[in-house]
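User: I should be grateful for a close look at a single part of this structure. Please describe that part in one connected account, with the residues that join it to the rest.

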Amino acid sequence: MGNKFDFSTAETLCELLIDTADTMESENTKMQHNFDALHESFRDSTYDVFKSEFSDADKTIADAITALRELNIALRKYSEQMREAL
């Protein structure tokens, strides 16, 4: 490939970034629903501690999803600029 920009690879990568972000978001939503259902069974201080840790993990996952989507946008923009430069 050398130093040439591969538009096909860039497009594939963009699609994978979006697919991954969407899958992560969907799975995280499922985990949130399951976690909320736990509260019905475990209403004690241990659940509150676990909830705090889960909230931290949820934020980290949300940040990763945002980063994937931002990377997709940046790569698409760069690809567009490269096309215009040709």
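Analyst: The account that follows concerns helix α2 and its partners in this predicted model.

Helix α2 covers residues 45–85. The helix has 41 residues and reaches 60 Å from its first C-alpha to its last, close to the 60 Å expected at 1.5 Å a residue.

The buried side of the account comes first. Seven names make up the list of buried residues in α2: Y47, F54, I65, L68, N72, L75 and S79. These buried residues of α2 pack against α1. S79 may serve as an example from that list. Its relative accessibility is 9%, and S79 counts as buried because the limit for that class is under 20%. When neighbours within four places in sequence are left aside, S79 is in contact with F5, F7 and A10.

Two of those contacts, F5 and F7, return in the aromatic pairs. Across the whole structure, a search finds 4 aromatic pairs. One of them joins F5 and Y78 in an edge-to-face arrangement, with 5.3 Å from centre to centre and 65 degrees between the planes. Since F5 lies in the segment before α1 (7–41) and Y78 in helix α2, this pair ties together parts that are 73 residues apart in sequence. Both rings are intermediate in exposure: F5 is partly exposed at 25% relative accessibility, and Y78 is partly exposed with a relative accessible area of 41%. The rings of F35 and F50 form a further pair, with centres 5.2 Å apart and planes at 45 degrees, so this pair is tilted. F35 belongs to helix α1 and F50 to helix α2, and the pair therefore ties together parts that are 15 residues apart in sequence. Here the two partners fall into separate classes: F35 is buried at 5% relative accessibility, whereas F50 is partly exposed at 40%. Ring pairs also link F5, F7 and Y78 into a cluster.

F50 has a place on the surface as well. Together with L38 and F42, F50 makes a nonpolar surface patch of about 270 Å². The partly exposed state of F50, with a relative accessible area of 40%, meets the requirement for patch residues of over 30% relative accessible area. F50 thus has two roles in this account: a ring partner of F35 and a member of the patch with L38 and F42.

Charged side chains provide further links. Side chains of opposite charge can pair when their charged atoms come close. For this structure the count comes to 5 salt bridges. In one of them, the side chains of R76 and E11 meet at 3.1 Å, N to O. R76 lies in helix α2 and E11 in helix α1, so this pair ties together parts that are 65 residues apart in sequence. R76 is partly exposed, with a relative accessible area of 33%, and E11 is partly exposed at 34% relative accessibility. Another salt bridge brings together the side chains of D22 and R69 at 2.7 Å, N to O. Because D22 lies in helix α1 and R69 in helix α2, the pair ties together parts that are 47 residues apart in sequence. D22 is partly exposed, with a relative accessible area of 37%, and R69 is partly exposed with 25%.

A salt bridge within α1 can be set beside these two. The side chains of K30 and E27 meet at 3.1 Å, N to O. Both residues lie in helix α1, 3 residues apart, about one turn of the helix. K30 is partly exposed at 44% relative accessibility, as is E27 at 40%. Salt bridges that share partners also join D22, E25 and R69 into one network.

Taken together, helix α2 is linked to other parts in several ways. Its buried residues pack against α1. Through the F35 and F50 pair, an aromatic link ties helix α1 to helix α2, while the F5 and Y78 pair ties the segment before α1 to helix α2. The salt bridges of R76 with E11 and of R69 with D22 each join helix α2 to helix α1.

Notes:
Residues numbered from 1 in each chain as written. Predicted model: local features only at pLDDT ≥ 70, side-chain atom pairs only at ≥ 80, totals over all residues. Heavy atoms only, no water. Patch = residues over 30% accessible without salt bridge, like charges linked within 9 Å, V, L, I, M, F, W, Y side chains within 5 Å. Areas by Shrake-Rupley, 256 points an atom, 1.4 Å probe, with all protein chains shown as cover. Salt bridge = Lys/Arg side-chain N within 4 Å of Asp/Glu carboxyl O. Helix = DSSP H or I, 4+ residues; strand = E, 2+ residues; numbered from the N terminus. Buried < 20%, exposed > 50% of the residue type's maximum accessible area, 1.4 Å probe, protein only. Contact = heavy atoms within 4.5 Å. Phe/Tyr/Trp six-rings, centres within 6.5 Å; stacked < 30°, edge-to-face > 60°. Expected span 1.5 Å × (residues − 1).
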